[in-house]
Amino acid sequence: MVAALVVVTVSAVVWGARTGATLLAATLLASAVARLIGRGRRPEGIAVRSTTMDVTVLLFLALAVAILAASPGV
């Protein structure tokens with residue numbers, strides 16, 4: 001997760017905010033899938049509440065960031 005966020009940050013600086021936001025949305029989506037697959041307290045760092053709540057929040061954030069990335073002005 002930390003490595004993915006470093007890649008997102010570097011890509012936003014090098015290629016622009018739209019690319020960074022798109023990669024951030026993909027990272028959030030991958031985190032939701034990882035949380036759904038890894039039951040219990042796994043994966044560390046993104047397992048905060050119940051699996052359903054964590055996946056719902058991560059998917060909502062991924063959707064929100066993807067919408068913002070696709071909107072004009074970014």
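The expected span of a helix is 1.5 Å times one less than its number of residues. In this predicted model, that rule can be applied to helix α1, which covers residues 2–15 and so contains 14 residues, for which a span of 20 Å is expected. The C-alpha atoms at the two ends of α1 are 20 Å apart, and the expected and computed values therefore agree. Helix α1 is followed by Gly 16, a residue whose phi angle is positive, near 115 degrees.

The chain as a whole contains three helices and zero strands, and its elements, read along the sequence, follow the pattern α-α-α. When taken along the principal axes, the box filled by the C-alpha atoms comes to roughly 40 × 25 × 15 Å. The chain has 74 residues, of which 27% count as buried, while the area that the chain exposes is about 4900 Å², with carbon and sulfur atoms supplying 75% of that area. Among the contacts in the chain with a separation of 6 or more, 42% are accounted for by residues that lie 24 or more positions apart.

Attention may now turn to the interior. The largest nonpolar core is made up of nine residues, namely Ala 21, Ala 25, Leu 28, Ala 32, Val 55, Leu 58, Ala 62, Val 65 and Ala 69. The elements that contribute two or more residues to this core are α2, which spans residues 17–37, and α3, and the largest share, five residues, comes from α3. An α-helix has 3.6 residues a turn, so residues three or four places apart point the same way. Within the core, Ala 21 is in contact with Val 65 and Ala 69, when its neighbours within four places in sequence are left aside.

A further set of contacts involves Thr 51, which is found in helix α3, the helix formed by residues 51–70. Buried residues are those under 20% relative accessible area, and Thr 51 is therefore classed as buried, because its relative accessible area is 13%. If residues up to four places away in sequence are not counted, Thr 51 touches Arg 35, Leu 36 and Arg 39. With one of these residues, Arg 35, the side chain of Thr 51 also makes a polar contact, the computed distance being 3.4 Å.

How values were computed: Residues are numbered from 1 along each chain as its sequence is written. This is a predicted model: local features need pLDDT of at least 70, side-chain atom pairs count only at pLDDT 80 or more; totals for chains, interfaces and linings use all residues. Side-chain values use heavy atoms; hydrogens and water are left out. Helices (H or I, at least four residues) and strands (E, at least two) are DSSP runs, numbered from the N terminus. Buried means under 20% relative accessible area, exposed over 50%, partly exposed in between (1.4 Å probe, protein chains only). A polar contact is a pair of N or O atoms within 3.5 Å; within protein, one must be able to donate a hydrogen and the other to accept it, and residues adjacent in sequence count only if both atoms are side-chain atoms. Contact means heavy atoms within 4.5 Å. Accessible areas come from the Shrake-Rupley method with a 1.4 Å probe; for residues, only the protein chains shown count as cover. A nonpolar core is a set of buried Ala, Val, Leu, Ile, Met, Phe, Trp, Tyr and Cys residues joined through side-chain atoms within 4.5 Å.
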